[in-house]
Amino acid sequence: MSEPLSVLIIGGGIGGLTAALALSQAGFRVSVFERAKNFQPIGAGLQLSANALSVLEKVGLTMRGKNGIDIANTEVRDGSSGKLISRIATPDNNNTLVISRPDLQATLLQAVMADANIELNTNAEVVDMLGGKSVASLTLSNGTMHSADVLIGADGVWSQTRRMVNSARPDYSGRIAWRATMPLSNVPKNISRHTVTLWLAKGAHLVTYPIANGASFNAVGIIQDGWQAEGWTEKGNMAELALAFSDWHSPVQRLLQSTDTWQKWALCTVDPTMNWTKGRMALLGDAAHAMVPFMAQGAGMSIEDAWVLARQLGKANRNTVPEALVAYQAERQDRVTKVWETSMQQGKIYHLSGPMRLSRNLVMQTGGNLLKNRYNWIYDWRAK
């Protein structure tokens with residue numbers, strides 16, 4: 001029998017680790033290179049809908065029981081008054097799980113470390129890479145070189161790999177996100193502690209929900225702002241946060257003031273219509289199509305990418321790897337682009353003002369069933 005194909009993955013985030021598991025399951029030898037010395041997941045909470053959960057189940061991971069919480073519906077409330085606008089049920093058979101990013105990454109990392117087909121390299125800064133006709137390779141900052149049949153860039157919105165594949169650059173969306181987690185005891189009693197709540201106001205919105213099996217509470221606020229910076233871990237100024245939400249419902253203001261752990265980051269996107277592959281190199285997740293988080297599908301699209309990539313490469317031999325990567329892009333790009341565009345549009349809807357804001361609220365109040373099913377095309381996708 002021929003030697004199994006080998007894959008180099010740059011980036012040990014959610015997309016990279018999921019890809020490593022899916023590729024190992026398909027029979028590949030996988031090496032993951034993460035530049036951080038230790039795995040320190042960035043971010044607080046995230047939502048996993050049925051499409052993403054189907055991939056994790058295929059690679060042997062059941063997130064229920066891993067500190068994930070099932071969410072049956074989303075409450076939509078007015079950020080200024082606190083008034084309930086709508087309660088939108090999760091579509092039938094499309095349950096959503098909310099989980100902390102560290103819990104998800106820890107589960108992925110544990111599975112990767114237990115897999116004999118996966119080599120995990122930390123403190124591994126990639127300084128050069130190549131995807132030639134017959135071999136892919138990368139060079140680390142310590143001078144060592146690694147070669148394989150395939151190289152996958154899962155290195156995020158500021159991807160180095162993307163520079164070798166296309167000319168796309170991160171584009172600032174005009175919005176910044178504030179995020180924090182806090183003990184559940186910090187949450188004011190008149191704010192729901194047991195579901196996802198979407199708070200809408202002029203030019204801003206806030207999403208809150210429980211994580212860590214109900215022990216902690218996650219909050220992410222989005223505002224329109226001109227501040228820009230690379231990275232995900234800029235410490236937020238409490239006075240700046242208070243000013244941004246100064247005219248909001250008083251319990252929300254108390255919630256925001258209940259912790260000083262707020263971080264902020266500039267929301268950037270990457271054009272998903274550009275080429276994702278070049279020879280034996282391919283992009284995955286945010287490196288290919290970073291999107292604004294208003295459909296809660298950034299992690300989900302990365303997880304889907306990982307499954308489709310492994311399935312397409314599973315059909316390849318050593319000589320047909322480039323064609324398999326092209327097939328991966330062809331299968332993924334239209335869907336991802338549609339999700340990307342929908343996320344952008346959703347952000348505009350969330351931040352409406354004046355009469356348009358009142359019209360939006362009326363539609364949400366009277367059209368709950370329509371809203372419930374509007375995005376089934378996202379959630380009905382399944383790993384096959």
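**Thr195 and the strands of a predicted model**

User: In this predicted model, between which two strands does the loop with Thr195 lie?

Analyst: Thr195 belongs to a loop rather than to a strand. The loop is bounded by residues 171–183 on one side and 196–201 on the other. These two stretches are strand E13 and strand E14.

User: Is Thr195 buried or exposed?

Analyst: The relative accessible area of Thr195 is 7%. A residue counts as buried when this value is under 20%. Thr195 is therefore buried.

User: Which residue offers its backbone oxygen to a polar atom of the Thr195 side chain, and at what distance?

Analyst: Thr195 touches several residues beyond four places away in sequence, including Ile71, Thr208 and Tyr209. Asn73 is also among them. The backbone oxygen that lies by a polar atom of the Thr195 side chain is that of Asn73, at 2.5 Å.

User: Which strands stand at the edges of the six-stranded open sheet?

Analyst: The strand order is E8-E2-E1-E12-E20-E19, with mixed pairing. Strand E8 (118–121) and strand E19 (277–278) each have a single partner strand, so one side of each lacks a neighbour in the sheet. The edge strands are E8 and E19.

User: Which helix packs on this sheet?

Analyst: The helix touches E12, E19 and strand E20 (281–283). Its direction makes about 15 degrees with that of E20. It spans residues 321–350 and is helix H9.

User: Which residue in E18 stands opposite Ile176?

Analyst: E13 and E18 pair in the antiparallel sense over six bridges. Strand E18 (residues 263–269) is mostly covered, with seven of its seven residues buried. The residue opposite Ile176 is Ala266.

Technical notes. Residues numbered from 1 in each chain as written. Predicted model: local features only at pLDDT ≥ 70, side-chain atom pairs only at ≥ 80, totals over all residues. Heavy atoms only, no water. Helix = DSSP H or I, 4+ residues; strand = E, 2+ residues; numbered from the N terminus. Buried < 20%, exposed > 50% of the residue type's maximum accessible area, 1.4 Å probe, protein only. Polar contact = N/O pair within 3.5 Å; in protein donor to acceptor, adjacent residues only side chain to side chain. Contact = heavy atoms within 4.5 Å. Pairing = 2+ DSSP bridges. Axes fitted to C-alpha atoms, helices over the stretch in contact; angles between N-to-C directions.
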